[in-house]
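Open the model in your viewer and keep the selection tool at hand. Each stop below says what to select and what is there.

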Amino acid sequence: MKTNLNQVEAAMAWPWSARSINRLLAKLEEREKFIVLGDSAGLTKEDIEEKVRRVKGSVQIEQVVMTMPFGSSEPADVLSLMEENASLRQEIEQIKQKLSELEERIPEERVIVLREISKKEAKEEIKQLFSSGRTLYYSDIAEELRLDLELVVDICHELQESGELRIDESAP
Amino acid sequence: MKVHHELGDALKAERIAVQARDIDKIRYGEGTHPHRIQFTKLRGSAYCVIELPLKSVRERRQ
């Protein structure tokens with residue numbers, strides 16, 4: 001359920017405004033009658049009365065439009081709607097926060113197409129990767145070179161046995 | 001390097017790399033440690049290996 005507080009304020013303020021406008025129009029009517037009698041405005045009595053009718057008509061239409069959403073709303077109803085609105089806004093904020101937490105937990109999915117190359121070629125590529133002096137895990141190598149994990153383990157084991165690779169004790 | 005295929009063969013380490021055709025959704029549970037524990041299953045040609053950081057020996061000598 002949605003509540004527009006602007007409409008609430010407008011509906012509460014409107015009856016006073018309508019009465020004020022009617023009073024003003026009555027005064028204007030009297031003044032214009034006086035002007036007509038004095039024949040200084042150049043308008044006939046019919047013109048002025050037509051003008052007043054038009055203004056009154058538009059005011060009545062506006063009043064209906066403005067008060068329709070709340071009809072016979074009591075101040076207590078308006079207050080309860082305002083409370084409901086506030087609690088709904090709070091709930092939305094909580095839901096937004098939970099949603100962002102869940103989104104953070106979802107692991108990022110990435111598709112890696114594994115390459116099918118010979119063991120010899122794979123060995124050369126792994127040696128090349130280590131030649132930069134980086135410390136790498138099996139999984140890093142498999143991901144970076146897009147190779148099967150089992151093949152990487154097999155090659156790294158051979159390189160360790162031949163003394164080309166060692167376990168990096170200093171790594172965290 | 002040994003590869004185990006028997007029921008109950010297990011790996012225990014700080015870091016294990018895994019590969020499989022299908023990996024189940026991760027489930028969360030309370031562990032014996034203050035931090036939470038997570039469970040999952042690997043299905044189809046599953047392969048797991050204990051991994052340690054490796055470095056080139058040649059690079060060290062330079």
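## Stop 1: a loop residue

Select Ser118(A). Ser118(A) is exposed, because just 8 other C-beta atoms lie within 10 Å, and 12 or fewer counts as exposed. Keep in mind that this is a predicted model. Ser118(A) sits in the loop between helix H3 (75-105) and H4 of chain A. Now add Leu151(A) to the selection. In sequence, Ser118(A) and Leu151(A) are 33 residues apart; in space, their C-alpha atoms are 9.9 Å apart.

## Stop 2: chain A as a whole

Colour chain A by secondary structure. You should find six helices and one strand. Follow the sequence and the order reads α-α-α-α-α-α-β. Chain A has 172 residues, and 9% of them are buried. Next, consider contacts in chain A between residues at least 6 apart in sequence: 64% of these join residues at least 24 apart.

## Stop 3: helix H4 of chain A

Select residues 119-130 of chain A. This is helix H4, with twelve residues. From its first C-alpha to its last it reaches 17 Å, close to the expected 16 Å.

Which residues of H4(A) are buried? They are Ala122(A), Ile126(A) and Phe130(A). These buried residues are on the same side of H4(A), because they cover an arc of only 70 degrees around the axis. Turn the helix to see the face directed away from that buried side. There you meet the exposed residues Lys120(A), Glu121(A) and Gln128(A).

Now show what covers the buried residues of H4(A). In chain A, the cover includes helix H5 (138-145), helix H6 (149-161) and strand S1 (165-167). Chain B is part of the cover too, with strand S7 (54-56).

## Stop 4: the nonpolar core

In soluble globular proteins, nonpolar side chains tend to be buried together. Here, the largest nonpolar core has 16 residues. Select Tyr138(A), Val152(A) and Cys156(A), which have the most contacts inside this core. H4, H5 and H6 of chain A each give two or more residues to this core. H6(A) gives the most, with five residues.

Stay on Tyr138(A) and show its contacts, leaving out residues up to four places away in sequence. In chain A, Tyr138(A) touches Leu149(A), Val152(A), Val153(A) and Cys156(A). In chain B, Tyr138(A) touches Ala17(B), Val49(B) and Glu51(B).

## Stop 5: where the chains meet

Show both chains. How many residues does each chain give to the contact? Chain A gives 20 residues and chain B gives 14 residues. On the chain B side, the elements giving two or more residues are strand S1 (16-19), strand S6 (47-50), S7 and helix H1 (57-61). By class, this side of chain B has eight nonpolar, two polar and four charged residues.

Zoom in on S1(A) and S7(B). The two strands run antiparallel, and three bridges join them. Select Ile167(A): its bridge partner in S7(B) is Leu54(B).

## Stop 6: a strand residue in chain B

Finish at Gln38(B), which lies in strand S4 (residues 36-39) of chain B. Is Gln38(B) buried or exposed? Gln38(B) is exposed, because 10 other C-beta atoms lie within 10 Å, and 12 or fewer counts as exposed. Add Ile26(B), twelve residues away along the chain: its C-alpha and that of Gln38(B) are separated by 6.4 Å. Leaving out residues up to four places away in sequence, Gln38(B) touches Ile26(B), Arg27(B) and Tyr28(B).

Note on methods
Residues are numbered from 1 along each chain as its sequence is written. Chains are lettered from A and ligands numbered from 1 in the order in which they are written. This is a predicted model: local features need pLDDT of at least 70, side-chain atom pairs count only at pLDDT 80 or more; totals for chains, interfaces and linings use all residues. Helices (H or I, at least four residues) and strands (E, at least two) are DSSP runs, numbered from the N terminus. The expected span of a helix is 1.5 Å times one less than its number of residues. A residue is buried if 20 or more other C-beta atoms lie within 10 Å of its own, exposed if 12 or fewer, and partly exposed in between; C-beta atoms are placed from the backbone. The arc is that of the directions from the helix axis to the C-beta atoms. Two residues are in contact if their C-beta atoms, placed from the backbone, lie within 7 Å. A nonpolar core is a set of buried Ala, Val, Leu, Ile, Met, Phe, Trp, Tyr and Cys residues joined through C-beta atoms within 7 Å. Ala, Val, Leu, Ile, Met, Phe, Trp, Tyr, Cys and Pro count as nonpolar, Asp, Glu, Lys and Arg as charged, and the others, Gly among them, as polar. Two strands pair if DSSP finds at least two bridges between them.
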